[in-house]
Structure formats: C-alpha cells, structure tokens
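Hi everyone, thanks for coming. Let's have the structure up on the screen and walk through it together.

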Protein chains: 2
Amino acid sequence: MLKNFPGLKGYKFAARSGAIKKSGKPDLALVFSEVPARCAGVFTNNQVKAAPLIVSAPRVHKGHCQAVLINSGVANACTGEEGLKNALRCAEITGQALGIVEDLVVVSSTGVIGRQLPMEKLERHIPLLPEGLSSKHVEAVAEAILTTDSFTKISFRGPSDEEGYTILGIAKGAGMIHPDMATMLAFVLTDAEVESGFLNETLQGAVNKSFNAISVDGDTSTNDMVLLLANGQSGGSEIRKDSKSAALFSRQMEEVCLDLAKMIVKDGEGATKLVRIQVEGAESDDDAREVARCVATSSLVKTAFFGEDPNWGRIIAAVGYAKARIDSSRIDIHFNDSPVIRNGLAVGKEDLEAAAKIMKAPEFAVNIQLRMGTGTAYYYTSDLTYEYVKINAEYHT
Amino acid sequence: MLKNFPGLKGYKFAARSGAIKKSGKPDLALVFSEVPARCAGVFTNNQVKAAPLIVSAPRVHKGHCQAVLINSGVANACTGEEGLKNALRCAEITGQALGIVEDLVVVSSTGVIGRQLPMEKLERHIPLLPEGLSSKHVEAVAEAILTTDSFTKISFRGPSDEEGYTILGIAKGAGMIHPDMATMLAFVLTDAEVESGFLNETLQGAVNKSFNAISVDGDTSTNDMVLLLANGQSGGSEIRKDSKSAALFSRQMEEVCLDLAKMIVKDGEGATKLVRIQVEGAESDDDAREVARCVATSSLVKTAFFGEDPNWGRIIAAVGYAKARIDSSRIDIHFNDSPVIRNGLAVGKEDLEAAAKIMKAPEFAVNIQLRMGTGTAYYYTSDLTYEYVKINAEYHT
C-alpha cells in the first residue's frame with residue numbers, strides 16, 4: 001500500500017500480467033471511477049499518432065471519462081486500420097466488462113511501435129480486470145504501465161483542508177522524453193469537483209511547467225498523453241476559476257505534475273544526474289525557454305554532466321545557437337551558487353573546481369543569467385551516459 | 001607526400017608543434033599563396049563568435065587573402081577583449097614574418113573554449129613558420145589543425161583538361177558537427193582564376209550540399225569557417241558564371257566539400273557508421289531537409305544504427321515530429337533497397353532481417369519516400385556509440 005496516501009474517493013484500480021509482455025511482467029491496467037468523471041487531456045504533437053490516441057482524444061474532448069485501460073509492451077502505433085479497430089475493440093471489451101457506456105472508456109498504450117496488439121489474449125484478459133478492482137491497487141497500476149522504466153512514478157497532494165479533495169498522479173516514461181511529451185503517459189486523478197473549463201486550463205498550465213519542460217533525448221513519441229479525471233466524490237464544493245481554492249488546486253496540480261516529470265528525467269534511460277537548467281534575464285519568457293531547451297538537449301552538455309566537468313564552453317555554445325537574443329559579454333553562468341563565467345569570461349581555477357564539486361551530486365542546477373530583460377524559464381534534463389547508449393542500442397525491435 | 005596529388009600552383013604549406021598543445025602534437029599551420037588570392041568564406045551562425053572569426057570575417061568579405069594561420073588546441077572563443085587583441089596580434093606577426101600586408105592574413109582557431117592563446121609561445125613560433133613553407137606540406141597542415149579527430153581530411157579534384165586548375169580541400173572536425181558548421185574548419189584552395197561573385201556563389205552552394213548537410217551531435221560551435229582561396233596561378237582563363245567550365249568547377253567544388261563533409265561524419269566522435277538519410281517526395285525541398293534533419297539528429301535513431309537494428313519506429317517517430325507536412329499512411333522507408341515500411345505499415349520479418357544485414361556495413365542509406373510532392377534532400381549522420389559518450393565525458397576543460 002502506498003505510504004501516507006490518504007486515499008481518493010470513488011476510484012478503483014486493477015492490473016494484470018501475461019496479456020502482452022513475454023517477460024510475464026504486468027502489462028495491463030485499469031483505472032475506474034465509480035461515477036463518470038469530468039476529464040481533460042493533452043496529447044502528443046507528433047504527426048504520427050498511435051491508434052489509442054486517435055480513439056481516445058475525441059472522447060476526452062467531449063469532457064467525460066469513467067475508465068482508462070492502459071497496456072504496456074505494444075504501442076499500437078503505425079498499425080493502420082487493424083490497429084485502429086483493435087484500439088476500439090479494447091475500449092468496447094472494457095466497457096462491456098464494467099457495464100458502462102463504451103464512449104466513457106479511454107485507451108492508452110506504450111511499447112514497441114509497429115506491432116499489432118495480441119487481441120486474442122486481450123479478449124481473455126480485459127474481462128478479468130474488473131474483478132481485481134480495489135481502491136488499494138494504485139501501485140499495481142503504476143507498475144503495469146512501465147516499459148524501460150526502472151521505478152514506478154507516483155505523486156499525490158491532499159487532502160486539502162478547505163475542500164477535502166486529493167490529487168493522485170501516476171506516470172511512466174524513461175526514453176523518448178521531450179516536449180512535447182515523448183513516450184510519456186501520465187494519469188492524474190482527483191476526487192474534487194472541478195468546473196470543466198477550469199479543469200482544462202489547469203491541466204494545460206501544469207503540463208507546460210512540468211512534462212513540457214523536461215528532456216531526456218530530444219525525441220517525441222507517437223503515444224504520449226496526460227489525462228486528468230475529476231470525479232467530484234470528495235464532497236467539497238465545485239472548484240471554478242474564481243473559487244477561493246482555485247489557486248491552491250492549480251498549484252497542487254503543478255506540483256504533482258512536476259514531481260512526476262522530475263521522476264521521469266531521473267529515470268531517463270541511463271541517467272545518473274537530474275539537472276535543472278534555469279534561465280533568467282532573457283528578453284522574453286519564450287527566449288528563456290528556447291535557451292533552456294538548447295542547453296538541456298545538447299549532447300555535448302549532457303555528456304559533460306556525466307563527466308562531472310563544468311564545461312561552460314559547451315553551455316555557452318548551446319546558448320549561442322538558441323534562436324533568442326543574447327549578448328555573450330553579458331552572460332553569467334553559475335552551477336548552483338558557484339560561478340563559472342561572468343560577463344562571458346571564465347572565472348578562476350578555484351571557482352571551476354568548486355563547480356566541479358557541485359556536479360558530483362546527483363542533482364544540481366545550472367543558472368544562466370542573460371541580462372537582456374526579465375524573461376525566465378526552466379528545463380529539467382539528465383546526463384548522457386554509456387548506459388543510455390547501451391539501453392537504446394540493445395533494445396531491439 | 002599526398003598520393004596522386006597533382007600539385008597546386010602558387011601555394012605553400014607549413015606546420016609546427018609545441019606552440020600550444022601539451023601533447024607535443026602539431027598545433028600551428030600556415031597556408032600561403034604566392035600572390036594575393038580572391039577569397040570567399042562561410043562562418044558559423046552561432047551568436048557566440050570566437051575572436052578569430054570576428055577578426056577574419058571582415059577581411060574575407062573584402063575579397064582577398066594571401067595567408068591563413070590556423071592553430072589547434074585553443075579556440076580563442078569567449079576570451080573577451082584580450083582574445084580579440086591576441087587574434088589581431090597573431091595576424092600581425094604572420095604578416096610581418098611573410099612580408100605581406102597584415103590585412104591579407106586570415107586567422108582561424110579550434111580547440112578548448114574560454115582559454116587565452118599562449119601568446120609568449122606564439123610570438124616565438126609563428127615567425128618560424130615561413131622557413132618551413134613548401135608546396136609538399138599539405139598533409140602536415142591537415143595534421144596540425146586536428147583536435148579530437150582521428151584522421152586527416154584531404155580531398156582534391158583536377159587538374160581539369162579545360163583550364164588546367166586543381167582544387168584542394170583540407171578540413172578538421174569530429175564533434176560539435178551540425179549545420180551550420182560546428183567546430184569544423186575547412187580550407188579549399190584552387191589555382192583557378194575565378195570571378196569574385198561566382199566564387200562566393202559556388203562556395204555557398206557547395207557548403208549547403210555538404211557541410212550544412214551533416215550532423216554528428218546537433219551542436220554548433222563558435223569557431224567554424226569554410227574558406228575558399230582562388231589565386232589564378234594555373235594559367236587558365238578566368239571562370240565566370242557564364243564560362244564553359246563554370247558547371248564543372250561548381251561540381252568539383254561540391255565534390256571536394258562533400259568528400260570532406262563525409263570524412264568529418266565518419267570521424268564523428270566515436271562513430272562506427274556513416275549513414276545517408278535520403279528524403280524524397282516531400283512537399284518542398286525545405287520540408288525534405290527538415291525531415292532529413294530530424295531523423296539524422298535523433299539520438300534514438302543514432303543508437304539504433306549503432307545497435308544495427310532496423311528500428312523504423314524511431315525513424316517514423318522522428319519524421320512525425322519534423323515541422324513538415326507528412327501523412328504517415330503514405331510513407332515508405334528502405335534501408336538501401338530493402339523495405340522496412342510500406343504505406344506506414346511494417347513489412348514482414350524477412351524484409352526486416354535483410355535490412356538488419358544491410359546495417360552491418362559501415363556505410364548504408366535510409367531512404368524515406370513521403371509521397372507528398374517532389375521535394376528532396378539528404379543528410380549524412382553517424383551512429384551514437386559508447387565511444388561518443390566516453391570521448392565527450394572524459395574531454396575535460
């Protein structure tokens with residue numbers, strides 16, 4: 001049972017093994033709300049969209065969802081008409097098994113691209129999911145949605161004093177991680193009652209500051225989605241944009257999403273470091289974001305993190321190719337509080353040695369001051385390691 | 001002596017060791033034309049420009065150059081006023097030593113960012129370069145400009161029957177390679193007499209199809225330049241845009257640049273494969289280029305090349321996040337002539353095995369047919385290997 005988790009009213013969870021993965025690891029999960037929940041979703045920007053997204057996005061956009069079926073092992077992407085038919089059939093079986101309208105079922109997949117779902121097995125396994133439903137099986141679901149991940153990703157906040165609601169987030173993702181949302185699945189559930197427009201707005205805001213501000217390898221995938229369900233079972237009053245509790249709810253949503261996003265970077269394939277790239281003083285927030293992105297995605301910068309070398313030359317070169325207004329003679333860079341360049345010029349040897357020491361920690365920040373304006377942004381990134389190459393060269397289709 | 005090299009009229013070469021690198025490897029090179037040559041240049045797009053570029057670009061743009069001083073080991077980038085003064089001083093010493101106008105000297109540097117040139121040593125070493133000048137020291141120059149490169153990069157064409165000119169290209173680059181031109185230096189020399197406007201046009205065209213169509217790690221550097229000198233000493237008539245030999249000259253320039261560019265990718269840090277990403281049937285050449293770029297720079301695709309796995313899922317995911325119009329159900333992908341997907345769907349197991357076999361070769365092509373129009377482009381890229389991580393994590397500032 002999840003430590004300190006206060007529980008979430010009106011949601012149940014189930015997971016199974018043996019439907020898809022040859023390893024026998026859990027590969028099928030079900031999240032069920034006792035009543036239809038209001039929902040919001042953010043989907044991949046990749047032009048190649050997997051079948052489950054084609055099926056689910058319109059359903060989510062209608063605003064209600066009661067069940068989410070998630071499989072790992074096969075992404076059901078690039079599978080043509082047959083893949084689409086299979087995704088629809090999975091939703092249908094789930095709806096029948098739960099006795100709910102099929103249209104309230106959302107399906108989600110992650111795994112190998114280009115392979116069809118093993119429908120014969122799924123026809124047998126999906127109907128067995130409902131009998132395993134329990135409010136306690138949160139970790140089993142978090143486990144069943146993993147692929148190359150090395151740990152489960154769960155975060156929660158609440159219950160709040162005011163409205164008594166709880167927010168629970170479950171995610172997977174360890175490779176192909178990049179805005180906008182590469183092979184990353186996240187399911188955020190709350191028992192709060194939330195007005196639909198505000199629910200959408202809150203999710204988009206939280207995603208921009210979390211899942212869209214992380215990078216492991218710069219690739220984006222065909223299957224990403226972040227889904228938010230709010231079933232209103234906490235008994236508190238409806239949260240609207242002008243509610244007293246609106247700010248708290250938005251902040252907690254952001255926190256849950258950022259917790260999950262940071263776990264995804266930490267679990268980045270082969271990663272040994274979690275690095276925050278903080279950009280200040282850009283001409284605009286967009287400029288800041290572009291600079292942060294260039295630094296966070298540079299293979300040279302990421303290998304220097306792995307080598308624990310405060311190689312600010314690679315950082316400033318990445319700043320220089322960002323499509324943002326900069327003046328190299330104004331740039332300061334610090335590793336945490338330790339300077340490595342001031343006004344575009346190297347600091348002394350002792351400062352560099354102090355920065356090198358900071359890099360030995362599993363988490364640190366690179367703070368970039370541009371002195372062009374007030375724009376600010378951050379990105380979380382990982383280091384690029386032997387293990388990354390190993391995992392991705394040896395993971396065969 | 002360079003095998004089969006027919007010689008180049010009116011150019012001399014010299015190189016020395018011990019001026020900068022602690023290893024004692026050659027680190028200083030001089031290219032000298034007996035008469036002022038017409039010149040053209042292409043410089044990095046990085047907003048952070050190294051001192052030698054700030055000094056040299058305006059000189060090149062004036063149209064004439066007689067000597068090129070190149071040092072490796074220190075990039076003289078992010079070195080402020082002092083770096084600028086040092087770059088100017090290097091040109092001055094070179095001009096004095098050769099007895100030519102300082103303004104005809106171009107300086108070029110590659111190496112560690114943020115360190116000042118050891119001027120005391122350079123004051124002693126540069127004046128000793130002219131006495132070593134010889135038409136035979138091409139390879140010594142090619143050797144002296146290397147940093148993390150593992151082999152020298154030289155290509156030549158000619159002499160042509162028509163005008164009797166020769167084209168010689170010398171380059172360095174093995175990391176931070178990406179359009180537009182990351183830590184990449186190339187010097188192309190010809191004894192043809194070429195009209196200035198046509199010289200510039202030819203260089204830009206050749207660079208776009210060569211150095212700007214390669215990627216090792218997606219980073220661009222502060223120091224890149226391609227310099228083209230034409231000293232008119234072959235004795236042939238001047239080549240202008242409407243000359244009979246114009247097309248041949250342009251083609252040979254392209255060939256020399258592409259030869260060098262491919263050598264740079266082959267020598268990409270830790271690379272074991274040279275892969276041509278060929279995109280056909282895009283809506284425009286720009287779209288084709290964008291798709292080729294996304295595939296060529298994907299870390300996941302590049303690790304799959306290393307793993308010799310025809311992981312077309314990663315390729316199509318990269319195609320999908322390109323900012324180009326695509327329709328995944330129209331896409332065919334071949335490894336050389338062997339299909340891996342047709343109309344966006346996986347081919348059978350035997351075809352995939354054939355593709356895997358093709359990937360065992362050190363060079364192969366990924367051919368992507370989009371069926372959206374007639375746009376076409378190519379990119380050369382390398383695989384991403386353990387060795388890449390090793391070199392870049394262990395290369396310390």
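Before anything else, please remember that this is a predicted model. Let's begin in the middle: among the residues of chain A, Y386(A) comes closest to the rotation axis, with its C-alpha at 2.6 Å. And what does that axis do? Turning by 180° about it, with 0.0 Å of shift along it, superposes chain A on chain B, with an RMSD of 0.1 Å. That is the relation of a two-fold axis. The two copies also use the same surface to meet, since 100% of the contact residues of chain A recur in chain B.

Now to the inside. Which residues have the most contacts inside the largest nonpolar core? They are V291(A), V319(A), V291(B) and V319(B), in a core of 280 residues. Take V291(B) as an example: leaving out residues up to four places away in sequence, its partners include V279(B), A282(B), V319(B) and I368(B).

My last stop is helix α8 of chain A, residues 299-306. Here 8 of the 8 residues are buried, so the helix is largely enclosed by the rest of the structure. Even K302(A) is buried, along with residues including S299(A), L300(A) and F306(A). What do these buried residues pack against? Within chain A, they meet β10, α7, α9 and β15. From chain B, they meet α8 and α11. And just after α8(A), have a look at E308(A), which takes a positive phi of about 55°.

That's my tour, so thank you for listening!

Terms used
Residues numbered from 1 in each chain as written. Chains lettered and ligands numbered in written order. Predicted model: local features only at pLDDT ≥ 70, side-chain atom pairs only at ≥ 80, totals over all residues. Least-squares fit on C-alpha atoms with pLDDT ≥ 70 in both. Contact = placed C-beta atoms within 7 Å. Core = buried A, V, L, I, M, F, W, Y, C linked by C-beta atoms within 7 Å. Buried ≥ 20, exposed ≤ 12 C-beta atoms within 10 Å, placed from the backbone. Helix = DSSP H or I, 4+ residues; strand = E, 2+ residues; numbered from the N terminus.
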